[in-house]
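Hi,

Here is the structure I said I would pass on. Have a look at it first, and then read my notes below.

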Amino acid sequence: MQLGIRLHDTKKLPLEERIADVHRLGFQCGHLALAKVIDEYPTTDEALTPGFAMYLKNLFARNQVDIAVLGCYLNLANPNRQQLEKTVHRYMAHIRFASLLGCGVVGTETGAPNETYTYVPECHGEEALQTFITNLRPVVRYAEQMGVILAIEPVWKHIVCNPARARRVLDEIASPNLQIILDPVNLLDISNYKEQTAIVEEAVELLGPDVAMVHLKDYVVEDGKLKSVGCGFGQMDYTAVLKFMKERKPFIHATLEDTTPENNLQAKDFILKLYEQA
């Protein structure tokens, strides 16, 4: 496992200092959401030039930090055609940028059938799934042309809400450039978290060969809802996912999520100790 962190969860510093600090903390890779990490420069589609990509590539290389994920978490099921066109354009700009940046994957979640990207029961319906697949196809096709991996992240509250639906998307698109970001906590909800072991095992069984990278976080139950927290601060059972990573994908990128600058080293030490024991 090459362990990293979501960069916008690290100490807020000028970009070059921030990446140096990530290296100093002992992380090997990062999840880069451009607009959430970079304040000094524009990150609009037109700003994602080859020169900007090569500047970032060299910056991360100097600090021995891989860019595991270039995040582009937008709604590909937006029913507003004008907004959807802008979203597709943004994905393509990120994919083109990633082809020069040399990052692991362009990562995305899977949307909701509304303009506000909020959970509604229709998220889990067949119509929403087919809309997502239809809108995903040209983006994957562009990723193929650019030689980039696009990785979707199943999330219970989104359209691709469980391992079986994720498997359907992979099979219907049928592209080696479409893979999976596995975030076990995102598969859980207040309605199913007590079956977490079976859910993660199903994800490994159905999606394992196509998992490109892993997100690691924890959860607690508060006010009848699941709340995400850093690793080691909740009640997540990591046994199945760490065993999967160690035995089948030993050099996989894995990034911590929902840590804070105050606890990211504690979360890092916690998960590394569990991984050694897996």
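Before the strands, one term: two strands count as paired if DSSP finds at least two bridges between them. Keep in mind as you read that this is a predicted model.

With that in hand, start at strand 8, which covers residues 218-222. Strand 8 pairs with strand 9 in the antiparallel sense, over 5 bridges. If you want one bridge to look up, take D218, whose partner in strand 9 is V229. The two strands make a hairpin, with 2 residues between them. In that turn, D223 has a positive phi of about 55°.

Strand 9 (225-229) also turns up in the largest pocket, as one of the elements that give two or more residues to its lining. The others are helix 2 (34-37) and helix 4 (81-101). The space in this pocket comes to about 750 Å³. How many residues line it, and which lie nearest its centre? There are 32 in the lining, and R6, Y73, E109, H158 and N186 are the ones nearest the centre. By class, the lining splits into 12 nonpolar, 9 polar and 11 charged residues.

Last, the helices. Helix 1 (residues 15-24) packs against helix 3 (residues 50-62) at an angle of about 35°, and their axes are 9 Å apart. The crossing is right-handed. On the helix 1 side, L15, E16 and I19 make the contact, while helix 3 brings Y55, L56, L59, F60 and R62. Of these contact residues, 6 are nonpolar and 2 charged, with no polar ones.

Cheers

How values were computed:
Residues are numbered from 1 along each chain as its sequence is written. This is a predicted model: local features need pLDDT of at least 70, side-chain atom pairs count only at pLDDT 80 or more; totals for chains, interfaces and linings use all residues. Side-chain values use heavy atoms; hydrogens and water are left out. Axes are lines fitted to C-alpha atoms, for helices over the stretch in contact, and angles run from 0 to 180 degrees between N-to-C directions. Helices (H or I, at least four residues) and strands (E, at least two) are DSSP runs, numbered from the N terminus. A crossing is left-handed if the near helix is turned anticlockwise from the far one by less than a right angle, and right-handed if clockwise. Contact means heavy atoms within 4.5 Å. Ala, Val, Leu, Ile, Met, Phe, Trp, Tyr, Cys and Pro count as nonpolar, Asp, Glu, Lys and Arg as charged, and the others, Gly among them, as polar. On a 1 Å grid over the protein atoms alone, a cavity is a set of points where a 1.4 Å probe fits but cannot get out, and a pocket is an open set with protein on both sides within 12 Å along at least five of seven lines; lining residues have an atom within 4 Å of a point. Grid points are joined across faces, edges and corners, and a volume is the space filled by probe spheres set on the points.
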